[in-house]
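This report goes through the strands, the aromatic rings and the main pocket of one protein chain. The sequence and structure are shown first.

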Amino acid sequence: MKIAKWLVGMRNSIRKSARETAELNSLFRFLGIDPEQDRRSVSEATYFACMKVLSESIGKMPLKLLRQDEKNGVHTALKHPLYTVVHDRPNPYMTSSVFWSTVEFNRNHYGNAYVWIQGAGSNTRLWILPFEDVKIYYDDSKILSEQPDIYYVYNHSGKQYVFGSEEVLHFKSSHTLSGIAGVSVREQLRDTIAGAIDSQRMLNKMYKSGFTAKAVLNYTGSLSDANTKELLKMTEAYAKGELAKEGIESMIPMPVGFSLQPLNIKLADNQFIEVKKYTALQIASAFGIKPYQIGDYTKSSYASEQAQQLSFYVDTLLHIVKQYEEELTYKLLSREEVRSGYRFKFNIASILRADLATQISTLSQGVSNFIYTPNEARAMLDLGAKEGGDRLLGNGASIPVEMTGNQYKSKEE
């Protein structure tokens, strides 16, 4: 009985929600706003490709917690309780790769991504808050606290939760007027993306119609309006293939004295391909995505794949990665830990990785010039440590700078 009541309640709730959604969409259309634009944007090929490149780029870079000691040496803080949280599993349901890819997708699509910090230390869990359910308020009147602060109000299932600025990781887009909330590329290029969606819809429609836009039906004599409509209706049914189930697909019967003249569309005459390509480059440029990353190799001028990745990192990812690192370091670590040298950092080597021969040559030079120990170089190639490999080795001709020139002096000198 209880289950039946619950189901009835759920049905009524769904009907009410659907009715409210329909009314809200009607209001949006009356105001000239397309309520489906947000959903259709992701279906646009260039927009989706840009989102995919950025999300996967952030997801594939391991996020580590490092510590700089008194001698300026940098060590991975494997024993710190937050290391496993950010590097392996931010919450029980998401891996690190999925989590940070999702955060980046929200940051680009909505302009803002919110992550709630639950717990502390080894009990810390990170949860992504839905953008639609979060509102940002600046309490400059000191209503909620004696100190003015930014508050994140989260509404879910009829309940309201208020989080302070240090309880939420806020990653915003680079497009922001206030510095508090970001503006998505989708909003900035709403008309451009809508045009790209419309062009794809038109192309799909042309495929279905066999690239025939309209046709002129010529006939002699006179027909009543009703007979004319019936004739046109039947002719169009034959042309669209609506009688394919009856075995009639490519033939259109014409009465004596009637002729059908199709009006074909030539995409070349309308420069359709050029306009579509230019629109794609505009969308990609707004995201900071290089043309080759969306399949346009017409103007590729990079000497190698490594040069391409380096250009993408410097021009696009560097700003994004720096924002992540600063936000995580400030809100997940205590002030004492920051003063002790702790900080979060993405391992960019995963996207700038060269081929095996170049890696070995570079690591060999690092070992022979006292930069890496042999075991450190082996670890970068996912090889095990060897006994005696923790000492710095190098060329015996290398000497301290203050001893430069001593090799030319006599023993007495």
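Two strands count as paired if DSSP finds at least two bridges between them. The model described here is predicted.

**Strands β5, β6 and β7**

Strand β5 (residues 134-138) and β6 are joined by 5 bridges and run in the antiparallel sense. Within this pairing, Tyr-137 has Tyr-151 in β6 as its bridge partner. On to strand β7 (residues 159-163), β6 again makes 5 bridges, and the two strands run antiparallel. Here Val-153 stands opposite Val-162 in β7. The connection between β6 and β7 is a hairpin with 2 residues between the strands. One residue of the turn, Ser-157, has a positive phi of about 55°. Strand β6 (residues 150-156) has 5 of its 7 residues buried, so it is largely enclosed by the rest of the structure.

**The sheet β4-β3-β8**

Three-stranded sheets come next. In an open sheet of 3 strands, the order is β4-β3-β8 and the pairing is antiparallel. The edges are taken by β4 (125-129) and β8, each with a single partner strand, so one side of each is left without a neighbour in the sheet. Neighbouring strands of this sheet are turned by 25° against each other on average, with direction ignored.

The pairing of β3 with β8 is antiparallel and extends over 5 bridges. Ala-113 stands opposite Phe-171 in β8. Strand β3 (residues 112-118) also contains Asn-112. The relative accessibility of Asn-112 is 3%, and buried means under 20%, so this residue counts as buried. Asn-112 and Ala-181 are 69 residues apart in sequence, while their C-alpha atoms are 6.7 Å apart in space.

**The sheet β2-β1-β11**

Another open sheet of 3 strands has the order β2-β1-β11, with antiparallel pairing. Its edge strands are β2 (74-76) and β11 (342-346), each of which pairs on one side only. From one strand to the next, the twist averages 40°. Strand β1 (residues 63-68) is joined to β2 by 3 bridges, and these strands run antiparallel. The bridge partner of Arg-67 in β2 is His-75.

The bridge partners and opposite residues named above are collected here.

| Residue | Partner or opposite residue |
|---|---|
| Arg-67 | His-75 in β2 |
| Ala-113 | Phe-171 in β8 |
| Tyr-137 | Tyr-151 in β6 |
| Val-153 | Val-162 in β7 |

**Aromatic rings**

How many aromatic pairs does a search of the whole structure find? The search gives 12. In one of them, the rings of Phe-99 and Trp-100 have their centres 4.9 Å apart and their planes at 90°, so this pair is edge-to-face. Phe-99 and Trp-100 are both buried.

Another pair is formed by Phe-171 and Tyr-324, with ring centres 4.4 Å apart and planes at 20°; planes under 30 degrees apart count as stacked, so this pair is stacked. Why does the pair of Phe-171 and Tyr-324 tie together parts that are 153 residues apart in sequence? Phe-171 lies in strand β8 (residues 168-172) and Tyr-324 in helix α10 (residues 305-332), so the pair links these two elements across that interval. Both Phe-171 and Tyr-324 are buried.

Ring pairs link Phe-99, Trp-100, Phe-171, Tyr-324 and Phe-346 into a cluster. A ring contact with a charge is also present: the charged end of Arg-335 sits over the ring of Tyr-330, 4.3 Å from the ring centre.

**The largest pocket**

The largest pocket has a volume of about 1,200 Å³. Its lining consists of 26 residues. Which residues lie nearest the centre of the largest pocket? They are Lys-64, Asn-347, Ala-349, Tyr-372 and Met-380. At least two residues of the lining come from each of β1, β2, β11, α12 (356-368) and α13 (374-380). Of these elements, β2, β1 and β11 make up the open sheet with that strand order.

Technical notes
Residues numbered from 1 in each chain as written. Predicted model: local features only at pLDDT ≥ 70, side-chain atom pairs only at ≥ 80, totals over all residues. Heavy atoms only, no water. Helix = DSSP H or I, 4+ residues; strand = E, 2+ residues; numbered from the N terminus. Axes fitted to C-alpha atoms, helices over the stretch in contact; angles between N-to-C directions. Phe/Tyr/Trp six-rings, centres within 6.5 Å; stacked < 30°, edge-to-face > 60°. Buried < 20%, exposed > 50% of the residue type's maximum accessible area, 1.4 Å probe, protein only. Lys NZ or Arg CZ within 6 Å of the ring centre and 35° of its normal. 1 Å grid on protein atoms, 1.4 Å probe; cavity = no way out; pocket = protein on both sides within 12 Å on 5 of 7 lines; lining within 4 Å. Points joined across faces, edges and corners; volume = space filled by probe spheres on them.
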